[in-house]
Amino acid sequence: MGFHWRWDFTWQILPRLLDATLNTLAAAGIGYGIALVLGLVFALAQRTPYRMLTVSVREAVEFVRSTPLVLQIFFFFYVGPQMGLRLSPWVSGMIAIGLHYASYLSEVYRGGLEAVPKGQWEAATALNLSTRDTYARIIIPQALPPALAGMGNYLVGIFKDTPMLSVIGVAELMHTANSIGSENYRYLEPYTLVGLIFLLISLPTAGLIRLFECWVRRKLGMR
Amino acid sequence: MDETADYPLELTGEDVPMVRFLNVTKRYGPLTVLDKLNLDVAEGEMVSVIGPSGSGKTTVLRMLMTLETINGGVIYVDGKPLTHMPKGGRLVPADPRYLRRMRANIGMCFQHFNLFPHMTALQNCMEGPVQVLGLPKAEARARSEELLEMVGMIDKKDQHPSRLSGGQQQRVAIARALAMRPKVMLFDEVTSALDPEVIGEVTNVIRKLVAEFKLTMLMVTHQMGFARDISDRVCFFYAGRIEEQGPPDALFGNPQRERTQQFLSAVKDAG
C-alpha cells in the first residue's frame, strides 16, 4: 500500500471534515467562554477574606489542574449517571473542558491581579471607590494586558484539546476523521487534513492574539 | 484591648478639632511604630510632619486615610470617630460601610502619584465624582476641568499618565483628590519622587491651595524650607512619638529638644 495519497478521496471527505470543524470551533468557543467566566470567579473567590472559601477553591483548582483532562471528561460522562447526573456527550464535554481550563485561567488571572501595584488599590481607597468599582474599573483593566498572553495560549490550548471530546463521541474533527478512516480503511488523508486544519486555525489565532494584546494596551493608554 | 469602649462617642464643645488622634497606637508585629499618639489638627490648619525615616510619620497619614488599621486608641474626624463607630452606647471597631462613609471626608496624594494609568488626566479626576458621589458626567467634567485649570494641567487633560512628567502627574493627582471635595487633605511626601527642577510646580500648587481653600491639611515632607514657609504648625516625629511641635519659625529657628536640633542640623548639612 505504502504512502499513496489519493486526491479524489481527499476532495470527497473534505466537506465532511469542514462540517466537523464547525463543531470543533463551537466546542472550543463554548468551552473557552465557560473557562473565561468561571476562571475569573475562581480567581476572585481566592481573594475574598473568607478562609473556608479561599482554601477550598484553591484546593479545587489545584486538583483539577493536576489530573488529566481526559479523565475528567470520562468522569462527567460515565460516572455522572451513577450519581444521577445524566449528561449528553456535548454537555459533559463542555463542563469538563470548561472547568479544566477555568482552573488554568484562574491562575493567569491571579498573576495579572497580583501584578497591579499596591498603590492602585490605595488610590482607589483614597477616592472611596466601592470594592466592585475598584475591581471592575481600576484593577481588572490593568490586570488584563499582562494576562492576555497567557489567556491567548490557553485559547489555542483548548482548541487543540477538543479532540479529547472524541472519546465520548462528540462529533468534532478527530471523531469524524476516525469514522471516515474506519469506514474506508484509509487514515492517511483524514488525519493529514485534520492536522492541516488545526494548523491553519492555530497559527493565525496566535498572531491575532498578539495583535489584540497590542490593541488593548494602546486602548488602555499603556505602552 | 477594650479600652476604647470608654472613649467619647463624638467630640462636642467649642473647639472641636477637624482631626484628633487620641492615644493612637500602631504596631507591625512586635514593632511599635506609633506609641499612644495624641495630635489635634484644627479646621483650616496646615500641619507639616517631619522626622527621620522610620519615625512613623507616613503611618500617621495612612491611618487617617484608613489604609492602615490601628492597634489602640481612636481617631476622630470632624468630631466623629473614624476608626470606630458608636454601637449600643460605646465605640466598636468601624465596619466597612461606616468606614466608607467617614472616608469621604479625607483625600490623599501619594509619593508615587498612583494615577490610574488606563485613564486620561480628566478621566482620573472624574472617576471619583461620577462613581462615588454620583454626579452627572457634565457636572463632574466641569468640576474636574476647573481643578485641572487650577493646577495648570488643563491643556494636558486628555493625556494618559504615561505621557506626563512626574510633576505633571502629581498635579493631576492633587486635582483628582480635590475633586472629591474632602475636608482634610493629606500629602505624603508628594515631592520625594520628583526631579529637583519640577518640585516647584507641585509646591506652588500646594501654596495656592493653602492661600485659596480653607482646607485642613496634613503634609509629610522632607523639604524643610517648604514646610517652614507654608505650615501653621510643624510636628517633629521621633521613634513613634511627637518629640517637639510648634509654629515653624520657633521649631526651625529655636528647637528646644536635642533630637530636633540634631535632625535639623543633619538635614541642613545634607541639603
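Me: Two strands pair if DSSP finds at least two bridges between them. What makes S8(B) and strand S9 (residues 184-188) of chain B a pair?
Reply: This is a predicted model. In it, S8(B) and S9(B) are joined by four bridges, in the parallel sense. At least two are required, so the strands pair. Cys109(B) stands opposite Phe187(B) of S9(B).

Me: How do you know that S9(B) and S10(B) pair too?
Reply: Five bridges link S9(B) and S10(B), in the parallel sense. The minimum is two, so this is a pair. Phe187(B) has Met219(B) as its bridge partner in S10(B).

Me: Which strand pairs with S10(B) over four bridges?
Reply: Strand S3 (residues 46-50) of chain B, in the parallel sense. Val47(B) stands opposite Leu218(B) of S10(B).

Me: What is the strand order in the open sheet of six strands in chain B?
Reply: The order is S8-S9-S10-S3-S11-S12, and the pairing is mixed. Strands S8 (106-109) and S12 (241-246) are the edges. They count as edge strands because each pairs on one side only. Neighbouring strands of this sheet are turned by 20 degrees against each other on average, direction ignored.

Me: Why is strand S10 (residues 216-220) of chain B called largely enclosed by the rest of the structure?
Reply: Five of its five residues are buried. Each therefore falls under 20% relative accessible area. Thr216(B), Leu218(B) and Val220(B) point one way from S10(B). Met217(B) and Met219(B) point the other way. Both groups are buried.

Me: Which helix lies across S8 and S9 of chain B?
Reply: H5(B) does, running at about 175 degrees to S8(B). Angles over 145 degrees count as roughly antiparallel, so H5(B) is roughly antiparallel to S8(B).

Me: Why is H4(B) called oblique to H5(B)?
Reply: Helix H4 (residues 137-150) of chain B and helix H5 (residues 166-178) of chain B pack at an angle of about 140 degrees. That value is over 115 but not over 145, so H4(B) is oblique to H5(B). The axes are 9 Å apart. The crossing is right-handed.

Me: Which residues of H4(B) and H5(B) meet?
Reply: From H4(B) come Leu147(B), Leu148(B) and Met150(B). From H5(B) come Val172(B), Ala175(B) and Leu178(B). Leu, Met, Val and Ala count as nonpolar, so the contact has six nonpolar, no polar and no charged residues.

Me: What makes the sheet with the order S2-S1-S4-S5 in chain B antiparallel?
Reply: The pairing in this open sheet of four strands is antiparallel. Its edge strands are S2 (31-41) and S5 (80-81) of chain B, each pairing on one side only. Strand S1 (residues 19-28) of chain B and S2(B) pair in the antiparallel sense over seven bridges. In S2(B), Asp40(B) is the bridge partner of Arg20(B). Helix H1 (residues 57-64) of chain B lies across S1, S2 and strand S4 (72-77) of chain B. The helix runs at about 115 degrees to S1(B).

Me: Why is Gly73(B) called buried?
Reply: Its relative accessible area is 1%. The cut-off is under 20%, so Gly73(B) is buried. Gly73(B) lies in strand S4 of chain B. Its C-alpha atom is separated by 8.9 Å from that of Thr83(B), 10 residues away along the chain.

Me: How many helices and strands does chain A have?
Reply: Eight helices and zero strands. The pattern along the sequence is α-α-α-α-α-α-α-α. The C-alpha trace of chain A spans about 75 × 45 × 25 Å along its principal axes. Of its 223 residues, 46% count as buried. Of the contacts in chain A with a separation of 6 or more, 78% join residues 24 or more positions apart.

Me: At what angle do helix H2 (residues 51-66) and helix H4 (residues 89-115) of chain A cross?
Reply: At roughly 120 degrees, with axes that come within 9 Å. That angle is over 115 but not over 145, so H2(A) is oblique to H4(A). The crossing is left-handed.

Me: What residue classes make up the contact of H2(A) with H4(A)?
Reply: H2(A) brings Val61(A), Val64(A) and Arg65(A). H4(A) brings Leu99(A), His100(A), Ser103(A), Tyr104(A), Ser106(A) and Glu107(A). The residues divide into four nonpolar, three polar and two charged. Arg and Glu count as charged, so Arg65(A) and Glu107(A) are the two charged residues.

Key: Residues are numbered from 1 along each chain as its sequence is written. Chains are lettered from A and ligands numbered from 1 in the order in which they are written. This is a predicted model: local features need pLDDT of at least 70, side-chain atom pairs count only at pLDDT 80 or more; totals for chains, interfaces and linings use all residues. Side-chain values use heavy atoms; hydrogens and water are left out. Contact means heavy atoms within 4.5 Å. Axes are lines fitted to C-alpha atoms, for helices over the stretch in contact, and angles run from 0 to 180 degrees between N-to-C directions. Buried means under 20% relative accessible area, exposed over 50%, partly exposed in between (1.4 Å probe, protein chains only). A crossing is left-handed if the near helix is turned anticlockwise from the far one by less than a right angle, and right-handed if clockwise.
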